[in-house]
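Reader: I usually work at the bench, and I would like to learn how to read a protein model feature by feature. Could you walk me through one?

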Amino acid sequence: MSSVPRLVVAAPSSGSGKTTVATGLMAAFAARGLAVSPHKVGPDYIDPGYHALATGRVGRNLDSYLCGTELIGPLFAHGARGCDLAVVEGVMGLYDGAAGEGELASTAQVAKLLRAPVVLVVDASSQSRSVAALVHGFASWDPEVRVAGVILNKVGSDRHEAMLREALDASGVPVLGALRRAPQVGTPSRHLGLVPVAERRAEAVEAVAALAARVGAGCDLDALFALARGAGALPGAAWDAAEAVGPSSATRRTAPGGTAPITPEAADGVRRVAVAGGPAFTFSYAEHAELLTAAGAEVVVFDPLRDERLPEGTGGLVIGGGFPEVYAPELSANEPLRKAVAELAFAGAPVAAECAGLLYLARELDGQPMCGVVDATARMHERLTLGYRDAVAVTDSVLAAAGTRMRGHEFHRTVVEPGAGPAPAWGVRAPERRVEGFVQSGVHASYLHTHWASEPGVARRFVERCLTS
């Protein structure tokens with residue numbers, strides 16, 4: 001049972017200032033000496049990077065579409081274990097969720113699953129008395145959602161703030177902060193949203209510090225913490241990677257120097273999984289590395305922009321999402337690493353590639369030579385492909401047996417031609433029925449981002465196929 005104080009930062013719509021307020025609150029509370037657990041509703045990878053910078057802890061996602069509603073509480077409790085406060089940033093508008101799925105994957109649903117109070121961030125720049133009607137509507141729409149406070153954003157002046165507060169006096173929802181209109185605080189955007197922290201570390205540190213000062217000065221931190229403490233206990237056990245993975249098909253024992261179980265076949269060697277990182281590959285869920293470790297792997301991060309070799313003894317490779325299109329010339333110029341990746345893949349080692357990883361494994365990206373593992377070309381495209389997907393494994397692979405059903409998410413402005421190989425990775429039901437991705441030897445490459453906590457056997461299956469060193 002988790003009793004960590006918690007609150008959800010939501011808004012009527014995207015662009016209201018959720019990330020500004022949530023990140024600023026995390027940093028401001030951390031500056032007070034609190035251990036703050038950062039969370040993000042939905043599949044977003046970029047905001048959690050800023051959350052991690054603000055708190056010094058791993059930013060974690062809570063996505064009831066990808067993971068199922070039953071895992072929201074356990075995953076939250078796992079991430080928030082031992083913390084003084086948890087701040088959960090919402091997604092889109094408070095009641096917006098997966099298209100055609102009602103409240104599924106909405107901030108409101110996650111707030112109810114966490115039994116957490118909601119603080120509504122309202123863009124007040126073009127309204128005064130109408131703010132009361134807006135807040136009343138959001139607070140009364142679903143009686144199970146407790147909208148317990150408002151933070152007014154983009155307030156024009158002292159007089160404007162006074163008008164807003166007067167209008168909200170009768171709403172029963174207290175104003176817990178007011179932030180003046182201000183230029184964007186050093187968080188530039190591009191084709192898929194904010195620029196990730198890994199690409200602008202020094203500037204990101206300054207931006208988060210500025211957010212902490214601004215939000216800390218404009219919000220009643222004591223009242224917000226008191227609100228969070230009123231959330232009460234959350235029943236159920238915390239998620240545990242080792243318990244989720246379970247035993248392999250062979251008897252397992254403990255690896256030397258640690259608690260990660262390994263199979264007897266690997267007793268004389270190490271199953272080392274190299275995970276792509278650095279500025280070009282920033283998209284990953286923390287639970288993936290935890291599941292790989294629990295399944296008996298030693299996880300080692302490498303940077304395809306700078307490292308000319310894979311980590312010594314690499315027996316499996318995971319290349320997640322990111323922005324290889326931004327770094328195509330640099331990735332292409334690192335020919336020794338491209339050759340090493342291709343050699344590992346052609347030797348039959350398991351390789352799991354999602355989105356950016358698929359582009360990196362292709363023959364070329366925007367005309368720049370890549371690894372040449374997958375017989376396809378990739379290029380930037382003007383159209384944004386975005387949305388949740390229901391998928392079924394079409395071909396047996398290092399990740400899943402044919403017929404395995406998983407849910408995923410697509411988020412890219414690139415196109416791969418052809419979109420699927422002779423042995424596709426997934427059959428996707430929406431928005432149109434199609435096959436997608438590539439399975440060949442030990443390679444599983446696809447545009448689909450998945451959350452392995454929903455199907456932890458994926459990690460066990462992958463590790464058991466890793467080469468040992």
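**Reading helices, strands and single residues**

Author: Happily! In this predicted model, the axes of helix 1 (residues 18-31) and helix 2 (residues 46-55) come within 8 Å and cross at roughly 20 degrees.

Reader: What are the angle and the distance for?

Author: Two packed helices are described by the angle between their axes and the distance between the axes. Angles under 35 degrees count as roughly parallel, and helix 1 and helix 2 are therefore roughly parallel to each other. The crossing of helix 1 past helix 2 is right-handed.

Reader: Which residues in helix 1 and helix 2 meet?

Author: Helix 1 brings Thr19, Thr23, Met26, Ala27 and Ala30, and these meet Asp47, Tyr50, His51, Ala54 and Thr55 of helix 2. Sorted by class, this contact of helix 1 with helix 2 has 5 nonpolar, 4 polar and 1 charged residues.

Reader: May I try another pair? At what angle do helix 6 and helix 7 pack?

Author: Helix 6 (residues 130-141) and helix 7 (residues 158-168) pack at about 45 degrees, with their axes 8 Å apart. That angle makes helix 6 and helix 7 oblique to each other. Helix 6 also passes helix 7 in a right-handed crossing. Val131, Ala132 and Val135 in helix 6 meet Leu164, Ala167 and Leu168 in helix 7. By class, the contact of helix 6 with helix 7 has 6 nonpolar residues, with no polar and no charged ones.

Reader: Let's move to strands. How should I think about a sheet?

Author: Strands of a sheet pair through backbone hydrogen bonds, either parallel or antiparallel. Here, 6 strands form an open sheet with mixed pairing, in the order 13-12-14-15-23-22.

Reader: Which strands stand at the edges of that sheet?

Author: The edges are strand 13 (298-302) and strand 22 (438-440). Each has a single partner strand, so one side of each is left without a neighbour in the sheet. From one strand to the next, the twist averages 15 degrees.

Reader: Can you show me one pairing inside the sheet, and what packs on it?

Author: Take strand 12 (residues 272-276) and strand 14 (residues 314-319), which run parallel and are joined by 4 bridges. Valine 273 has glycine 316 in strand 14 as its bridge partner. Helix 13 (residues 335-346) packs on the sheet and touches strand 13, strand 14, strand 15 (351-354) and strand 23 (443-446). The direction of helix 13 makes about 110 degrees with that of strand 14.

Reader: What about the side chains of a strand?

Author: In a regular strand the side chains alternate between the two faces of the sheet. Strand 4 (residues 85-89) lets you see this: Leu85, Val87 and Glu89 point one way, Ala86 and Val88 the other way, and all are buried.

Reader: How many residues of strand 4 are buried, and what follows from that?

Author: The count is 5 of the 5 residues, so strand 4 is largely enclosed by the rest of the structure. Strand 1 (residues 6-10) runs parallel to strand 4, joined by 4 bridges, and valine 9 stands opposite glutamate 89. Strand 2 (residues 36-41) also pairs with strand 4 in the parallel sense, over 5 bridges, with valine 36 opposite leucine 85.

Reader: Now for single residues. Is threonine 377 buried or exposed?

Author: Buried means under 20% relative accessible area, and threonine 377, at 19% relative accessibility, counts as buried. Threonine 377 belongs to strand 18 (residues 377-393). Leaving aside neighbours within four places in sequence, threonine 377 is in contact with Arg363, Glu364, Val415, Val416 and Glu417.

Reader: Are backbone angles worth a look, too?

Author: Let's look at a few. The peptide bond from glutamate 417 to proline 418 is cis, with omega near -5 degrees. Proline 418 is in the loop between strand 19 (405-417) and strand 20 (426-428).

Reader: And what is the phi of arginine 115 and of lysine 154?

Author: Arginine 115 has a positive phi of about 55 degrees although it is not a glycine, and its place is in the loop between helix 5 (107-114) and strand 5 (118-123). Lysine 154, not a glycine either, has a positive phi of about 60 degrees. Lysine 154 lies in strand 6 (residues 147-155) and counts as partly exposed, at 31% relative accessibility.

How values were computed
Residues numbered from 1 in each chain as written. Predicted model: local features only at pLDDT ≥ 70, side-chain atom pairs only at ≥ 80, totals over all residues. Heavy atoms only, no water. Axes fitted to C-alpha atoms, helices over the stretch in contact; angles between N-to-C directions. Helix = DSSP H or I, 4+ residues; strand = E, 2+ residues; numbered from the N terminus. Parallel < 35°, antiparallel > 145°, perpendicular 65-115°, else oblique. Left-handed = near helix turned anticlockwise from the far one by under 90°. Contact = heavy atoms within 4.5 Å. Nonpolar A, V, L, I, M, F, W, Y, C, P; charged D, E, K, R; others polar. Pairing = 2+ DSSP bridges. Buried < 20%, exposed > 50% of the residue type's maximum accessible area, 1.4 Å probe, protein only.
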